[in-house]
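I opened this entry to record what I looked up in the structure, item by item.

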Amino acid sequence: TKQTHFLSRESYFNFESKFSIFEVMTATATASKTNNVITLKGSTDIVTDFFACSINNILYQRGVYPAEDFIQTKQFGISVMKTKDQGLQAYFDGILPQLKNWLMNGELQNLVLAISTVDGDETLERWTFDIKTDPPTEGQKVEKSQKEIQSEIQAIIRQITASVTYLPILEENCSFDLLLTTNKDTVIPQAWEESNPRYITNSSEVRLRSFTTKVHKVDSMVSYKSRDD
């Protein structure tokens, strides 16, 4: 009923980034900013923005990339970190449009950020964002205030920031992959590779808060390998 794929970063490291990841984030539902009506497109923009913001902050907080590769900015009403590494931006530029397309079509089931040892042999952390889509029917009006949505997202971003207090220190150099799980019949672009889910055996898990636009609901959690294993 599902398939998991990822886009290799090596394909994008030598590309010149056409736009910043946070420039993508400015597209959030203009109609929804003036009233409480949430459209499928508006909800898709919000969720895409949330994923981009969360990925950046996880990579920063967990030290996967050096702190000097990030700058502080404001998103969702709070201070967040964004990458200024051109290779990483180019990689995101290759993923976000496809992620957004699958969200719009109700084909994306989850996004996983897997942090692994550099050789990729061992997954140390697995940040999972499960997505449920309930698109409005024709003529149906879905309403939720931007303030309420933003508050729910802020709570998750703050939990990501606080994760350093309980997650084991990543003592070795690490790499990461973004895994997108879609419906079984989803057409996958040729550049994407099939992946295993990167589960962690006997992992500890912490469930994070959820947020919903009433069109998309995102449930978040992080699982990690205990240093006692």
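I started with Thr44, and asked whether Thr44 is buried or exposed. I found a relative accessibility of 0%, so Thr44 counts as buried; the cut-off for buried is under 20%. I placed Thr44 in helix 3. Leaving out neighbours within four places in sequence, I listed Lys100, Leu103, Met104 and His216 as its contacts. I note here that the model is a predicted one.

**Helix 3 and helix 4**

I then looked at how helix 3 packs on helix 4, which spans residues 86–104. I read an angle of about 145° and a distance of 10 Å between the axes. I recorded the crossing of helix 3 past helix 4 as right-handed. From helix 3, I listed Leu40, Lys41, Thr44, Asp45, Val47, Thr48, Phe51, Ala52, Ile55, Asn56 and Leu59 in the contact. From helix 4, I listed Leu88, Phe92, Leu96, Leu99, Lys100, Leu103 and Met104. I sorted the residues of this contact by class and got 12 nonpolar, three polar and three charged. Thr44 belongs to this contact on the helix 3 side, and I had already noted Lys100, Leu103 and Met104 among the contacts of Thr44.

**Helix 3 and helix 5**

Next I asked at what angle the axes of helix 3 and helix 5 cross. Helix 3 covers residues 40–61 and helix 5 covers residues 146–162; I found that their axes come within 10 Å and cross at roughly 20°. I therefore wrote helix 3 and helix 5 down as roughly parallel to each other, the limit for that term being under 35 degrees. I noted a right-handed crossing where helix 3 passes helix 5.

I listed the helix 3 side as Ile46, Phe50, Cys53, Ser54, Asn57, Ile58 and Gln61. These meet Gln146, Ile149, Ile153, Ile156, Ile157, Ile160 and Thr161 in helix 5. I counted nine nonpolar residues, five polar and no charged in the contact of helix 3 with helix 5.

**Strand 8 and strand 9**

I moved to the strands and asked how many bridges join strand 8 to strand 9. I found seven, with strand 8 (residues 204–212) and strand 9 (residues 216–224) running antiparallel. I saw Ser204 standing opposite Tyr224 in strand 9. I recorded the two strands as a hairpin with three residues between them. In the turn, I noted a positive phi of about 80° for Lys214.

**The loop between strand 7 and strand 8**

I checked two residues here for phi. Arg198 lies in the loop between strand 7 and strand 8, and I read its phi as near 60°, positive although the residue is not glycine. I put Arg198 down as buried because its relative accessible area is 16%.

I found Asn202 in the loop between strand 7 and strand 8 as well. I read the phi of Asn202 as near 50°, again a positive value in a residue other than glycine. I entered Asn202 as exposed because its relative accessible area is 65%.

**Two valines in loops**

I located Val118 in the loop between strand 4 (108–117) and strand 5 (123–133). With a relative accessible area of 55%, Val118 is exposed; the cut-off for that term is over 50%. Setting aside neighbours within four places in sequence, I found Val118 in contact with Asn173, Cys174 and Ser175. I also noted Glu172, which is 54 residues from Val118 along the chain, with 8.3 Å between the C-alpha atoms.

I located Val187 in the loop between strand 6 (174–183) and strand 7 (193–194). I noted Val187 as exposed, at a relative accessible area of 70%. I asked how far Val187 is from Trp102 in space. I got 9.7 Å, C-alpha to C-alpha, for a separation of 85 residues in sequence.

**The chain overall**

I closed with the totals. I counted five helices and nine strands in the chain. From the N terminus on, I wrote the order of elements as β-α-α-α-β-β-α-β-β-α-β-β-β-β. I found that 52% of the 229 residues count as buried. Taking the contacts with a separation of 6 or more, I found that 77% join residues 24 or more positions apart.

Notes: Residues are numbered from 1 along each chain as its sequence is written. This is a predicted model: local features need pLDDT of at least 70, side-chain atom pairs count only at pLDDT 80 or more; totals for chains, interfaces and linings use all residues. Side-chain values use heavy atoms; hydrogens and water are left out. Axes are lines fitted to C-alpha atoms, for helices over the stretch in contact, and angles run from 0 to 180 degrees between N-to-C directions. Helices (H or I, at least four residues) and strands (E, at least two) are DSSP runs, numbered from the N terminus. Angles under 35 degrees count as roughly parallel, over 145 as roughly antiparallel, 65 to 115 as roughly perpendicular and the rest as oblique. A crossing is left-handed if the near helix is turned anticlockwise from the far one by less than a right angle, and right-handed if clockwise. Contact means heavy atoms within 4.5 Å. Ala, Val, Leu, Ile, Met, Phe, Trp, Tyr, Cys and Pro count as nonpolar, Asp, Glu, Lys and Arg as charged, and the others, Gly among them, as polar. Two strands pair if DSSP finds at least two bridges between them. Buried means under 20% relative accessible area, exposed over 50%, partly exposed in between (1.4 Å probe, protein chains only).
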